[in-house]
Amino acid sequence: MREVERDIMSRPSERNTTNLDLRRMKMILDVFGHPEESFRVIHVTGTNGKGSTARMAEALCRAYGMRTGLFTSPHLEHVNERIAIDGQQIADDDFVDLWTQVRDLVALVDAKMDAEGSPRMSFFEVLTAMAIWKFADAPVDVAIVEVGMGGRWDATNVLDADAAVLGPIDMDHMAWLGPTVQDIAGEKVGIIKDGCTVVVEPQPHEDEVMPIIEQAVAEHGATLIYDPGADGTPVTSLEQLADDTGLGVAELQSRGVRVAEDEVVTRTPAVGGQLCTFSTPTGTYEDVPVAKFGEHQAHNALAALCAAEAVIPVNGPLDGDLVAEALSSVKIPGRIEQIRTSPTIIIDGGHNVNAAEALRAAIEENYDFQQLVAVVAMMGDKQVEEYLGVLEPVVSELIVTENSWKERCMPADELGKIAAKVFGAERVTVVPDLPDAIQAAVDRVDSEDELGVGYGHGVLICGSFVTAGDARLLLKESVHPDLKLTKEERIHRPNVDPDGRKVAESLRNNAHDSSAGANPDDFDVTDEAELDYETNTDTDFDVFNVLDISTDAAGDVEVDENIYADSGLSDEQLDNIEDAPEVAETETDEG
């Protein structure tokens with residue numbers, strides 16, 4: 001598995017500005033025989049919330065009995081996290097087998113690109129192609145696919161969406177998507193396809209972004225469902241859309257454009273998440289449990305619900321119980337994820353200003369921290385000062401560090417200087433090694449926790465999905481093998497099999513005689529301590545050598561009389577010891 005992962009991840013990045021097109025993806029799908037045409041698609045883009053919305057939509061479709069494929073990025077711990085079938089990431093063996101199936105076909109595309117002097121397939125293009133192949137092979141009824149970056153030229157955009165979800169669009173990845181929010185929105189609306197349902201979440205830059213979205217909807221004859229949130233302006237009619245786009249109502253109708261509404265009607269924080277009432281184009285869903293914190297997750301859930309309504313083949317609203325079951329069970333690693341208590345440890349992979357605002361709002365709404373120590377490692381191309389500025393009011397002190405992606409991660413010293421401008425130097429500590437940084441944060445929280453229960457004291461680890469993934473690996477709790485045994489198995493251990501020892505010794509002896517270069521130490525499965533334990537003997541123990549009692553050449557017992565020089569024993573008593581060693585043992589034990 002590691003070799004396959006290295007093989008794929010060593011390919012060029014999709015961030016290479018020389019490969020911002022879909023030529024390689026279209027070519028590989030031609031070679032595959034266009035498997036993407038065999039399933040429906042929910043396509044999710046946006047600056048933030050893509051992964052959460054995608055997982056929620058997948059859970060909803062699966063609750064209705066549809067076979068689902070889920071493709072998300074980035075991965076936190078293992079690359080096969082990115083591809084899931086029916087809610088379960090594919091196993092290592094399946095991933096290796098999948099790569100084996102497509103590797104030679106990828107090589108054909110690479111060869112074509114080499115001949116043209118063009119870039120080979122990037123690692124993200126290869127992973128996207130593998131996901132599409134796997135979804136068709138499963139086969140799935142619907143694929144829920146998260147955009148990697150942008151939309152228009154993203155590798156996933158070879159798919160024709162039945163439902164296109166646009167989360168909040170904000171400033172991020174400007175080097176690739178453009179310097180303004182309008183440029184970024186122009187890239188993200190590229191996933192809107194003819195006749196699809198376009199689900200739009202609240203937009204932090206509504207005035208700049210919505211005209212671009214509305215124009216794309218009109219061009220593609222799509223259905224617009226816009227959730228404006230509390231502060232936005234709803235789009236409720238074709239007449240309104242006609243005014244916004246400059247097209248007549250009749251023209252919009254001829255293109256098949258429709259407008260519908262959705263809304264988070266109510267939202268109440270609850271244990272482990274929140275209770276929401278949603279209004280969608282097909283109906284109202286009351287008191288739906290959403291197993292994530294934050295207002296933004298309520299809007300993500302609403303968007304997922306609208307997208308699911310578009311692809312699940314039922315008339316009218318979905319079954320409320322199934323909706324509740326799905327949204328109450330969604331697990332979203334690395335997104336405001338509480339992984340420990342006492343002290344509370346929260347991990348969040350968000351890395352831009354909009355993500356920081358959502359994180360801060362969720363903390364303020366759901367926690368009551370008197371002390372919150374943040375451990376932050378960020379990439380060098382992010383809006384670091386702005387991100388830290390959003391979190392400063394809720395963070396007591398900051399420990400800056402580095403994650404495992406050394407090529408992109410901002411050096412801790414440099415991050416510390418920026419942090420000092422925001423927090424003040426007295427609230428900032430530089431600890432370059434992430435494990436040490438986390439331990440330092442926990443130590444500081446523990447030292448202030450007089451009750452020792454963790455209440456009101458917490459650690460926040462954030463700034464990057466790489467940071468979140470590293471932290472999850474470091475803090476992952478493992479179960480001791482003994483705890484997996486039954487009580488009877490723990491008490492009554494199986495006896496050591498002596499035949500196993502003989503087999504190991506035989507292998508070791510054969511290795512000595514082998515001409516194939518085998519190492520005998522590979523078969524050295526025992527040591528003297530193990531043998532001593534198994535045989536219940538001590539090879540260094542001599543029953544006739546206690547207190548220097550020994551035997552002479554004839555087998556008679558001899559005693560070193562110097563041992564008894566201060567014992568007060570008479571010569572006659574010493575003679576008795578020589579004549580009766582068993583008595584000597586008894587007296588010695590008692591004395």
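**Exercise 1. Classify Phe39 as buried or exposed, and identify its ring partner.**

Step 1. Phe39 has 7% relative accessibility and therefore counts as buried; buried means under 20% relative accessible area, exposed over 50%, and partly exposed in between (1.4 Å probe, protein chains only). The model is predicted: local features need pLDDT of at least 70, side-chain atom pairs count only at pLDDT 80 or more, and totals for chains, interfaces and linings use all residues. Residues are numbered from 1 along each chain as its sequence is written, and side-chain values use heavy atoms, with hydrogens and water left out.

Step 2. Rings of Phe, Tyr and Trp (its six-membered ring) pair if their centres lie within 6.5 Å; planes under 30 degrees apart count as stacked, over 60 as edge-to-face and the rest as tilted. By this rule there are five aromatic pairs. One of them joins Phe39 to Phe135 edge-to-face, with 6.1 Å from centre to centre and 85° between the planes.

Step 3. Phe39 is in the loop between helix H2 (23–32) and strand E1 (40–45), whereas Phe135 belongs to helix H5 (residues 123–137), so this pair links parts of the chain 96 residues apart. Helices (H or I, at least four residues) and strands (E, at least two) are DSSP runs, numbered from the N terminus. Phe135 is also buried, at 1% relative accessibility.

**Exercise 2. Describe the aromatic pair of Phe293 and Tyr367.**

Step 1. Phe293 and Tyr367 pair edge-to-face, at 5.7 Å centre to centre with 70° between the planes.

Step 2. Phe293 lies in the loop between strand E12 (283–290) and helix H11 (295–311), and Tyr367 in the loop between helix H13 (353–366) and strand E15 (371–376); the two are 74 residues apart.

Step 3. Both Phe293 and Tyr367 are buried. Ring pairs link these two residues and Phe369 into a cluster.

**Exercise 3. Determine which parts of the chain are tied together by the salt bridge of Glu392 and Arg427, and treat Glu397 and Arg444 likewise.**

Step 1. A salt bridge is a side-chain nitrogen of Lys or Arg within 4 Å of a carboxyl oxygen of Asp or Glu. The count by this rule is 21 salt bridges.

Step 2. In the bridge between Glu392 and Arg427, the closest N and O atoms are 2.7 Å apart. Glu392 is in the loop between helix H14 (384–391) and strand E16 (397–400), and Arg427 is in the loop between helix H15 (412–423) and strand E17 (428–430), so the pair ties together parts 35 residues apart in sequence. Glu392 is partly exposed, with a relative accessible area of 23%.

Step 3. Glu397 and Arg444 form a salt bridge at 2.7 Å, N to O. This pair links distant parts of the chain, with Glu397 in strand E16 and Arg444 in helix H16 (residues 434–448), 47 residues apart. Arg444 is partly exposed, at 26% relative accessibility.

**Exercise 4. Compare the expected span of H16 with the distance between its end C-alpha atoms, and state what its buried residues pack against.**

Step 1. The expected span of a helix is 1.5 Å times one less than its number of residues. H16 has 15 residues and should therefore span 21 Å; its end C-alpha atoms are 22 Å apart, which agrees.

Step 2. The buried residues of H16 include Leu434, Ile438 and Val445.

Step 3. These buried residues pack against strand E14 (344–348), E15, E16, strand E18 (457–462) and helix H17 (465–475). Contact here means heavy atoms within 4.5 Å.

**Exercise 5. Which residues have the most contacts inside the largest nonpolar core, and which element gives the largest share?**

Step 1. A nonpolar core is a set of buried Ala, Val, Leu, Ile, Met, Phe, Trp, Tyr and Cys residues joined through side-chain atoms within 4.5 Å.

Step 2. The largest such core has 41 residues, and those with the most contacts inside it are Ile42, Met56, Leu60, Cys61, Phe278, Val323 and Leu327.

Step 3. H11 gives the largest share of this core, ten residues. A second, separate core of 37 residues includes Phe39, Val79, Ile90 and Phe123.

Step 4. Leu327 touches, among others, Met56, Leu60 and Phe278, not counting residues up to four places away in sequence.
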